[in-house]
Amino acid sequence: MSDNIQTVTVLSKTTWTPNLFSFTVSRPDSFKFTAGQFVRLGVNPSQLKYYQQIEAGDETADSALNEDVFRAYSIVSSPFDEVIEFFSIVIPDGAFTSQLQHLQVGDELLLNTMPFGFLTLARYQKPLPKDLWLLATGTGLAPFLSMLQDLKTWEDYEHIVLAYSARSLDELAYVEKIESLQEDFGALVDNPAKLIFIPIVTREPVEGALSERLPKLLLEGTLEKQAGIALDIDTTHVMLCGNPDMVEDTKEALKTLGLVMNRRGEGNIAVENYW
Ligand SMILES: Cc1cc2nc3c(=O)[nH]c(=O)nc-3n(C[C@H](O)[C@H](O)[C@H](O)COP(=O)(O)OP(=O)(O)OC[C@H]3O[C@@H](n4cnc5c(N)ncnc54)[C@H](O)[C@@H]3O)c2cc1C
Ligand SMILES: NC(=O)c1ccc[n+]([C@@H]2O[C@H](COP(=O)([O-])OP(=O)(O)OC[C@H]3O[C@@H](n4cnc5c(N)ncnc54)[C@H](OP(=O)(O)O)[C@@H]3O)[C@@H](O)[C@H]2O)c1
């Protein structure tokens, strides 16, 4: 096993829908990361099956080990939390999540403690512009929740817009958490209106949520209108995370609006694809 791989214990689990859940694991003392980064989590299929068999009282349970399966996971929790939180999809025939979905409190997972990824605010050169736009689909919300639990994010920008798109209302997870961040961090920076949350639900009508896909909302000006601020090459940073089709289409829409990709610290748009 690589030196970076440690065993962590599941401490809590929240089920949002049959295909979406969150969980926390113990945080190794030496593990450090920057808000927005991801790690590799590992399961051992036969080991999990073994635990389930033992729990079910199956005396024929076989603890023989198969190959570990690792996948990239963005960290939801803040770099200052005592535990590490993740937000996961369930792909019924996916090699990783078909196993991960059976996790219970007390189960063990493998964590590669080397953090990866450049979807962090540190990638932008100073001086920072005024506004930060965070655009997510599905579990792509995860890195933005971590950034929003870091006071520096709130101090560095005048406005923060979080637009988060899910298929249905029940898949729009973490809404209460986002509202409590608005309140708590808004109070810390003396500006309760700093975080502008724009929920988007695309496959059913929901009061208070927009219903079109992000690129259309951008090109029609609806998102700017809803946020009450303009996207501007000089005053805006934009981060995209989640579905690669959304990332591609939204990137093109933003370019049409005059924004440019961030390279070597300069430019507006930074992205992360989940598959
Ligand atoms: C940088 C990075 C960070 C990631 N962070 C997260 C995260 O925080 N939470 C998370 O659930 N996944 C995340 N993923 C995806 C994750 O690594 C796995 O793909 C996912 O756990 C499914 O694994 P699997 O083996 O079950 O299916 P896979 O064989 O990996 O995927 C099968 C198919 O499922 C779909 N799919 C995969 N992941 C997702 C997803 N998150 N949402 C919707 N559809 C998906 C795609 O169509 C994909 O082709 C991340 C991926 C990358 C590259
Ligand atoms: N969600 C589930 O219940 C579920 C269950 C089992 C498996 N899966 C698998 O997981 C994958 C993703 O599921 P998901 O619901 O988490 O993510 P998703 O399909 O990426 O949907 C999340 C949000 O992203 C939007 N979106 C998709 N493509 C876009 C684009 N090109 N531009 C802008 N917005 C876009 C969706 O809008 P639209 O509604 O308009 O597409 C939706 O609002 C699916 O391919 C499916 O195979 C999902």
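## Exercises on rings, a sheet and two buried residues

Phe 23 is buried, and so is Phe 86 (buried: under 20% relative accessible area; exposed: over 50%; partly exposed in between; 1.4 Å probe, protein chains only). The model is predicted, so local features need pLDDT of at least 70 and side-chain atom pairs pLDDT 80 or more, while totals for chains, interfaces and linings use all residues. Residues are numbered from 1 along each chain as written, chains are lettered from A and ligands numbered from 1 in written order, and side-chain values use heavy atoms, without hydrogens and water.

**Exercise 1.** Classify the ring pair of Phe 23 and Phe 86, and state which strands hold the two residues.

*Solution.*
Step 1. Searching the whole structure gives 10 aromatic pairs (Phe, Tyr or six-membered Trp rings with centres within 6.5 Å; planes under 30 degrees apart are stacked, over 60 edge-to-face, the rest tilted).
Step 2. Between the ring centres of Phe 23 and Phe 86 there are 5.5 Å, and the planes stand at 35°, so this pair is tilted.
Step 3. Phe 23 belongs to strand E2 (residues 20–26) and Phe 86 to strand E5 (residues 83–89), so the pair ties together parts 63 residues apart in sequence (strands, E, at least two residues, and helices, H or I, at least four, are DSSP runs numbered from the N terminus).

**Exercise 2.** Is the pair of Phe 31 and Phe 33 stacked or tilted?

*Solution.*
Step 1. The ring centres of Phe 31 and Phe 33 are 5.5 Å apart with planes at 20°, so the pair is stacked.
Step 2. Phe 31 has 1% relative accessibility and counts as buried.
Step 3. Phe 33 is buried too, at a relative accessible area of 9%.
Step 4. Elsewhere, one aromatic cluster is made of Phe 21, Phe 23, Tyr 73, Phe 86 and Phe 96.

**Exercise 3.** Describe the open sheet of five strands, then place helices H5 and H8 on the sheet.

*Solution.*
Step 1. The strand order is E9-E8-E7-E10-E11, with parallel pairing (two strands pair if DSSP finds at least two bridges between them).
Step 2. At the edges stand E9 (195–201) and E11 (269–273); each has a single partner strand, so one side of each lacks a neighbour in the sheet.
Step 3. From one strand to the next, the twist averages 10° (axes are lines fitted to C-alpha atoms, for helices over the stretch in contact; angles between N-to-C directions run from 0 to 180 degrees).
Step 4. Strand E8 (residues 159–166) runs parallel to E9 and is joined to E9 by seven bridges. Ile 160 has Leu 195 in E9 as its bridge partner.
Step 5. Helix H5 (residues 175–188) packs on the sheet and touches E8 and E9 (contact: heavy atoms within 4.5 Å). The direction of H5 makes about 165° with that of E9.
Step 6. Helix H8 (residues 244–256) also packs on the sheet, where H8 touches E7 (131–137), E10 (236–242) and E11. The angle between the directions of H8 and E10 is about 160°.

**Exercise 4.** Locate Asn 112 and Glu 272 and list what each touches, leaving out residues up to four places away in sequence.

*Solution.*
Step 1. Asn 112 lies in strand E6 (residues 108–116) and, at 13% relative accessibility, counts as buried.
Step 2. Outside those excluded places, Asn 112 touches Asn 4, Ile 5, Val 39, Arg 40 and Phe 70.
Step 3. Glu 272 lies in strand E11 and counts as buried at 12% relative accessibility.
Step 4. With that exclusion, Glu 272 touches Gly 36, Phe 38, Ser 74, Leu 119, Leu 240, Cys 241, Gly 242 and Val 247.
Step 5. From Glu 272 to Gly 106 there are 166 residues in sequence and 31 Å in space, C-alpha to C-alpha.
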